[in-house]
Amino acid sequence: MPKMDILKAPIHQQTRETKLSFDDTSVAFANQSDWQLKKTYFIFAAMNRNWLVKIGTFFIKLFLMLKFPIKGAIKNTIFEHFCGGETIEGCTHTIQQLDKAHIGTILDYSVEGEDSEQSFDETVKEILRTIEKAAQMPAIPFSVFKVTGIASTELLEKAQSTQGLNETETAAFARVRERMDLLCKAAYEHHVRIFVDAEETWIQDTIDRLTYEMMERYNRKECIVWNTYQMYRVESYANLVQATETAVAKGYELGVKLVRGAYMEKERQRAHEMEYADPIHATKEATDQAYNQAVLYFLENRNVISICLGTHNEYSCLLMAEKMKEAGIPVNDAHIWFAQLLGMSDNISFNLAHSGYNVAKYVPYGPVEAVMPYLFRRAEENTSVAGQASREFTLLKKEARRRKRAVRQQLCKSKKTAQQA
């Protein structure tokens, strides 16, 4: 099935060949002033201490519950670093700054915890606004949503079980499908790619089923709807292969976002409590192998798959870059993207973009209080993922030293010039 490049062109049109390195801090932090670099250094220095993250999280939750006036402090530190703003309009500066580095923005409405029909409909309206914004700005190459933002988790879980839905639940599930269709149809009409995020295994089959319905409907001429595959799941590679075969058989393009996974502790605890097989790979090495195997599978089937590597793993990104070069695939091929979270792994994002690859950052937004669960997870992730905070911290220290040397060299040069004059 031939691909059609109807979608917006990649935001970065260069095709020059630049040696790719994720250690070049002058590129990674080029968008940060000395003051901003110091703030970033402070944030990761704190997150590099597990005990401090736990204490800080506890007191922030307590102070917010007690209505202490700490919003300003949060907004000017971790919120500013990991989020774009409180509204779509408030993200404008972040979008522009990323665009200067040829990095796209994925506006991610990160409000959590609401669970009512009214809140689901409000979330749909907000996601529609992100789609409209993306249609207006080439700097926003994707939209994104979670199905649990537009549907009850309990309903999705029951739909996946063997129990069957009663009349009321069937009507509620029909509304979920309608909401999802509304979002995907809007994306289709505006020629905007849209990610459907992955979630827990006990609702993921339902999410997959809905997402493939949308792909069959809207991915026949261009790759609009993209599903997310958590490669730490034992079944994910087989699911990807099956999804590809189905897409070929039914004549639509498969949109694939590859991630490693986000719910490992929850997944394993539930599997233990309910006495079923752990759905997660036993080791990180097995997850890495599955992820990289999926990258290679894409390269063998890129006539039907568009892919986004949603990863902070340097090796996986380098693997894709090297294989693209071997296959003679342009660095800015419209069907290959890389994505990282705002405020994390800038050494990957900015160096990839500098070398001409298609890169986007997930930019969460929403009221400060409402996105705190997201921020707590980012703090925990940076301490729990082996070496993540340490890697960020090390690169920041390296850049700080580089800038100091540059200042000293400039002073020496100026002094020498003055003496010669």
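Okay, so to start: helices (H or I, at least four residues) and strands (E, at least two) are DSSP runs, numbered from the N terminus. In this chain they come to 16 helices and eight strands.

Quick housekeeping. It's a predicted model, where local features need pLDDT of at least 70 and side-chain atom pairs count only at pLDDT 80 or more, while totals for chains, interfaces and linings use all residues. Residues are numbered from 1 along each chain as its sequence is written, and side-chain values use heavy atoms, with hydrogens and water left out.

Now, the whole chain. Of its 421 residues, 51% are buried, meaning under 20% relative accessible area with a 1.4 Å probe, protein chains only.

On to empty space. Rolling a probe the size of a water molecule over the atoms shows where some is left. A cavity here is a set of points, on a 1 Å grid over the protein atoms alone, where a 1.4 Å probe fits but cannot get out. Searching the whole structure turns up four cavities of 30 Å³ or more, and the largest holds about 70 Å³, volume being the space filled by probe spheres set on the points.

So who lines that largest cavity? Ala198, Gln204, Asp208, Asn227, Thr228, Tyr229, Gln230, Arg233, Ser236 and Asn239, each with an atom within 4 Å of a point. Helix H9 (201–218), strand S4 (225–230) and helix H10 (236–250) each give two or more residues to this lining. S4 has the largest share, with four residues. By type, the lining divides into two nonpolar, six polar and two charged.

Note on methods. 1 Å grid on protein atoms, 1.4 Å probe; cavity = no way out; pocket = protein on both sides within 12 Å on 5 of 7 lines; lining within 4 Å. Nonpolar A, V, L, I, M, F, W, Y, C, P; charged D, E, K, R; others polar. Buried < 20%, exposed > 50% of the residue type's maximum accessible area, 1.4 Å probe, protein only.
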